[in-house]
Amino acid sequence: MNIYGAISSFLGTGVEFIEALTIILAVGSVRNWRSAILGGVSALVVLGILVAIIGAPLAHIIQIGWVQLVIGLLMLLFGIRWLRKAILRYAGLKKLHDEEESYQEELERQRRAGAVKPGIDSFAFGTAFSGTFLEGLEAIFIVITFGLSTHAMGSAVLGAAVATVVVAVLGILLRKPMAKIPENTMKFIVGVMLTSFGAFWVGESMRVDWPQADLSILYLAATLCVLSYLIVLRCKSALRASAAEKGRA
Amino acid sequence: MKVVKVLWGLLVDDGRLAISLVVGLVIAYILRSAAHLPLVASILIWVSLIFALWFSIEHQLRLKLKK
């Protein structure tokens with residue numbers, strides 16, 4: 001059991017599942033709960049089959065350099081994108097992702113789509129399926145990358161499974177968007193993790209000489225945290241100065 | 001074409017970020033394979049992360065300040 005791999009996978013997939021849950025909750029409450037839940041569950045089944053087909057073979061060829069390079073690059077680009085967005089939000093350069101707002105937008109979109117049909121509602125099923133499938137694809141990527149990088153696929157899958165159960169239970173209990181979960185904080189942490197792992201792995205595929213080997217992931221992550229803090233301070237200070245200047249003008 | 005756009009959008013929001021990162025990685029690869037400097041290559045990857053993030057967010061800040 002690799003605790004780091006399990007927690008990383010739990011946090012990473014948790015973010016995706018919360019977004020998927022928002023769609024399912026919105027579709028279910030306006031259109032049809034049965035169709036929405038069926039759509040979400042069907043997507044999870046399809047994704048489970050994909051993990052079984054793609055995940056295991058990848059885990060067996062971990063030593064091959066090109067696999068490290070491709071997955072490392074994807075992880076790096078994916079992670080740094082999350083990190084950038086989280087920093088922009090902390091710095092006030094981008095609006096914080098509002099799950100409540102997303103939920104209301106989805107409700108409105110569903111209302112505009114027309115009346116609910118009896119039986120399986122194809123619109124509710126399709127929306128829940130596609131939303132869950134897209135978010136789940138990102139979750140698969142997270143599970144595979146954390147599983148491979150920690151050499152503990154079982155722990156990464158376990159982390160994702162726990163995240164699925166936790167988010168599902170939260171959804172059942174709350175029956176409303178996960179607006180109170182600090183999504184940006186989760187995205188920031190996962191962004192730092194993915195970027196650090198991705199950079200390390202790309203370097204490994206090139207056979208660079210990381211000082212302290214695997215421990216370099218920690219100082220890469222620490223550097224990114226410090227850098228993010230400094231960038232946020234700098235942006236906030238520049239925005240304040242700009243606002244004060246406009247106020248005087 | 002649409003699929004490529006969606007995939008690109010899934011991975012990259014800002015071209016500056018991705019391009020500066022990839023350029024850093026390519027230079028690191030050259031340093032490792034041609035110049036046989038594996039330690040310098042690892043440090044360059046590290047610096048590339050810092051530079052790419054700073055460069056991208058600094059651009060966003062300038063855009064915001066111009067508004």
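Helix α8 (residues 216–248) of chain A and α3(B) have axes that come within 11 Å and cross at roughly 15°, so α8(A) and α3(B) are roughly parallel to each other. Angles under 35 degrees count as roughly parallel, over 145 as roughly antiparallel, 65 to 115 as roughly perpendicular and the rest as oblique. Axes here are lines fitted to C-alpha atoms, for helices over the stretch in contact, and angles run from 0 to 180 degrees between N-to-C directions. Helices are DSSP runs (H or I, at least four residues), numbered from the N terminus.

A quick word on where this comes from: the model is predicted, local features need pLDDT of at least 70, side-chain atom pairs count only at pLDDT 80 or more, and totals for chains, interfaces and linings use all residues. Residues are numbered from 1 along each chain as its sequence is written, chains are lettered from A and ligands numbered from 1 in the order in which they are written, and side-chain values use heavy atoms, with hydrogens and water left out.

Back to the helices. On the α8(A) side, the residues that meet α3(B) include A:Tyr219, A:Leu227, A:Arg234 and A:Lys246; among their counterparts in α3(B) are B:Trp46, B:Trp54, B:Glu58 and B:Leu65. Contact means heavy atoms within 4.5 Å.

Chain B also has its own helix pair, α2 (residues 15–33) and α3 (residues 38–66). Their angle of about 170° makes α2(B) roughly antiparallel to α3(B). Here are the two pairs side by side:

| Helix pair | Angle | Axes | Contact residues |
|---|---|---|---|
| α8(A) and α3(B) | roughly 15° | within 11 Å | 16 nonpolar, two polar, four charged |
| α2(B) and α3(B) | about 170° | 8 Å apart | 16 nonpolar, five polar, two charged |

For those classes, Ala, Val, Leu, Ile, Met, Phe, Trp, Tyr, Cys and Pro count as nonpolar, Asp, Glu, Lys and Arg as charged, and the others, Gly among them, as polar.

What about the whole interface? Counting residues, 37 of chain A touch 31 of chain B. About 3100 Å² is buried between the chains, with 77% of that from carbon and sulfur atoms; buried area is the accessible area (1.4 Å probe) that two parts lose on being put together, summed over both. In chain A, A:Leu77, A:Arg84 and A:Met206 lose the most area to chain B, together 21% of what that side buries.

Searching the whole structure turns up one salt bridge over all chains (a side-chain nitrogen of Lys or Arg within 4 Å of a carboxyl oxygen of Asp or Glu). That pair runs between chains, from B:Glu58 in helix α3 to A:Arg234 in helix α8, and its closest N and O atoms are 2.4 Å apart.
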